[in-house]
Amino acid sequence: MLRFLTAGESHGPSLTTILDGLPAGLSLSPDIINKELSRRQQGYGSGGRMKIEKDTVQILGGVMGGETTGAPIALLVQNDDHVKWKGKAVEQMTAPRPGHADLTGAVKYGFKDLRPALERASARETTMRVAAGAVCKHFLAQFGIIVGGYVASIGEVTADFGDMSYEERFTRAEESDVRCPVDSSAEKMRAEIEKTIHGKNTLGGVLEIVALNLPVGLGSFVQWDRRLEAKLAMAIMSVQAIKGVEVGDAFENARRIGTEAHDPIQMQNAEGGMQSASKQLPITNYQLLRSSNRAGGTEGGVSNGQPIVIRAAMKPIATTLVPQQTVDLASGENAPTKYERSDFCPVPRAVPILESMVAFVLADALLEKLGGDSLNEMKPRFESLRKATLEDLPMDNIPHIFWE
């Protein structure tokens, strides 16, 4: 239903994306996208590139009179740094850096220099993911769906969120230059990054991305590639330097027994009181709710109405000021790596990137569920979606012969 492609190189003239499949009638201005682009450039531990680039978007197609038309949306961001590279001979790059696409790219495509692999594999490409994701977040917001994120850990420092609500986590994270909503942990993370900068090294961490107010029924269990958590995991793992992902308490659940790993289902009446599932009650206004969210918002590949909670592990960036061991492919001799400008800790800046990828997957799932060519068609369909209530789930309570 929804798709996007990005194009462009890290130090090329510009970056572009085409987002195809959004309905007509969504109000859209550059400011909505520029806000997210600005978030991507903010975060303690950023490298020198962020002091050069001031990303702003041009909307080149798919929007007329301030509204989407249903046609593909074309977006462009200029690379301000390109003027330093245009028309100049670029120093040869023949020593692949461990952890990058330098060597694998050269083997795969037969490059005579490692630069083309670096230019396309660079996280600079995520600029356009954030641009496309900003549109998707804005689309989801029309249905009350919120996607936010924050940093859970950097290096050895892990935040304890206690009973802090997700909305508060989102807000407080944006007030922190390390995007951690817990002040005491943020201070320790900042100190850890500072120590790493002085040590000329890099740091990774864990991020949490959460989606709120989703309806029940996005995704499907009928085919492997339609499972919602599978699509989300692929989207998260596609981001540079992300090497691990879990939905809900996945790894902790693996250490629990079955009766402690799942989320019990209960009925709640219109006044908010919980009722026993065995008690006979009128079906009107009774919701089926869960007292926990260990599953992270999906069951059987389908959203269950609870917050989607995703944790992503981001490795330390492989470009370090301290040289690493490699081989110069031109001379065939052992050699140290050469430093290519990069972040010391990309984790805070990765929050809006991962939010964008989650928003894209959820927007696609919502479009698949609702159908429709315009926002005006979709909104009534959204309101009429079946909910997890007794009233919406009539059971005939009789035996069935399913196979003759």
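Leu19 stands opposite Ile73 in strand S6. I start with that pair and work outwards from it. Keep in mind throughout that this is a predicted model.

The two residues belong to a pairing between S2 and S6, which is antiparallel and runs over 6 bridges. That pairing sits inside an open sheet of 4 strands, and the order across the sheet is S1-S2-S6-S3, again with antiparallel pairing. At the edges are strand S1, residues 3-7, and strand S3, residues 57-61; each has a single partner strand, so one side of each is left without a neighbour in the sheet. From one strand to the next, the twist averages 20°.

Now the two edges in turn. S1 pairs with strand S2, residues 14-20, in the antiparallel sense, and 5 bridges hold that pairing. As a marker on the structure, look for Thr6, which stands opposite Thr17 in S2. S1 and S2 make a hairpin with 6 residues between the strands, and there Gly8 takes a positive phi near 125°. At the other edge, S3 is joined by 4 bridges to strand S6, residues 73-78, and the two run antiparallel. Here the marker is Ile59, whose bridge partner in S6 is Leu75.

One background point on strands. In a regular strand the side chains alternate between the two faces of the sheet.

The next stop is strand S7, residues 146-154. Is S7 largely enclosed by the rest of the structure, or is it left open, and why? Of its 9 residues, 8 are buried, so S7 is largely enclosed by the rest of the structure. Buried here means a relative accessible area under 20%. S7 has a pairing with strand S9, residues 205-212, which is antiparallel and has 8 bridges. In that pairing Ile154 stands opposite Gly205. S7 is also joined to strand S8, residues 157-158, by 2 bridges, and these two strands run antiparallel as well. Ser153 has Thr158 as its bridge partner in S8. S7 and S8 form a hairpin with 2 residues between them, and in the turn Gly155 has a positive phi of about 60°.

There is a further open sheet, this one of 3 strands, in the order S10-S16-S15 with antiparallel pairing. Its edge strands are S10, residues 216-219, and S15, residues 298-299, and each pairs on one side only. S15 and strand S16, residues 302-304, pair over 2 bridges in the antiparallel sense. If you want to find that pairing, Thr298 stands opposite Ser303 in S16.

On to the spaces in the model. The largest pocket holds about 940 Å³ of space. Which residues lie nearest its centre? They are His100, Ala121, Ser122, Ala123 and Gln240, out of 43 residues in the lining. The elements that give two or more residues to this lining are helix H2 (49-52), H4, strand S11 (242-247) and helix H11 (347-370). H4 gives the most, with 4 residues. By class, the lining divides into 18 nonpolar, 12 polar and 13 charged residues.

Ser122 deserves a closer look. The residue is in the loop between helix H4, residues 115-121, and helix H5, residues 126-141. Is Ser122 buried or exposed? Ser122 is buried, at a relative accessible area of 18%, and the cut-off for that label is under 20%. Leaving aside residues up to four places away in sequence, Ser122 touches Ser10 and Gln240. Gln240 is itself among the residues that lie nearest the centre of the largest pocket.

Ser10 comes up again with Pro116, a residue found in helix H4. Pro116 and Ser10 are 106 residues apart along the chain, and their C-alpha atoms are separated by 9.6 Å. Pro116 is partly exposed, with a relative accessible area of 38%.

Last, the cavities. How many cavities of 30 Å³ or more does the count give? It comes to 1. About 40 Å³ of space lies in the largest cavity. Its lining consists of Arg97, Ala318, Thr319, Thr320, Gln324, Thr337, Lys338 and Tyr339. By class, that lining has 2 nonpolar, 4 polar and 2 charged residues.

To close, go back to the start: Leu19 opposite Ile73, in an open sheet with the order S1-S2-S6-S3.

Definitions and conventions. Residues are numbered from 1 along each chain as its sequence is written. This is a predicted model: local features need pLDDT of at least 70, side-chain atom pairs count only at pLDDT 80 or more; totals for chains, interfaces and linings use all residues. Side-chain values use heavy atoms; hydrogens and water are left out. Two strands pair if DSSP finds at least two bridges between them. Axes are lines fitted to C-alpha atoms, for helices over the stretch in contact, and angles run from 0 to 180 degrees between N-to-C directions. On a 1 Å grid over the protein atoms alone, a cavity is a set of points where a 1.4 Å probe fits but cannot get out, and a pocket is an open set with protein on both sides within 12 Å along at least five of seven lines; lining residues have an atom within 4 Å of a point. Grid points are joined across faces, edges and corners, and a volume is the space filled by probe spheres set on the points. Ala, Val, Leu, Ile, Met, Phe, Trp, Tyr, Cys and Pro count as nonpolar, Asp, Glu, Lys and Arg as charged, and the others, Gly among them, as polar. Buried means under 20% relative accessible area, exposed over 50%, partly exposed in between (1.4 Å probe, protein chains only). Contact means heavy atoms within 4.5 Å.
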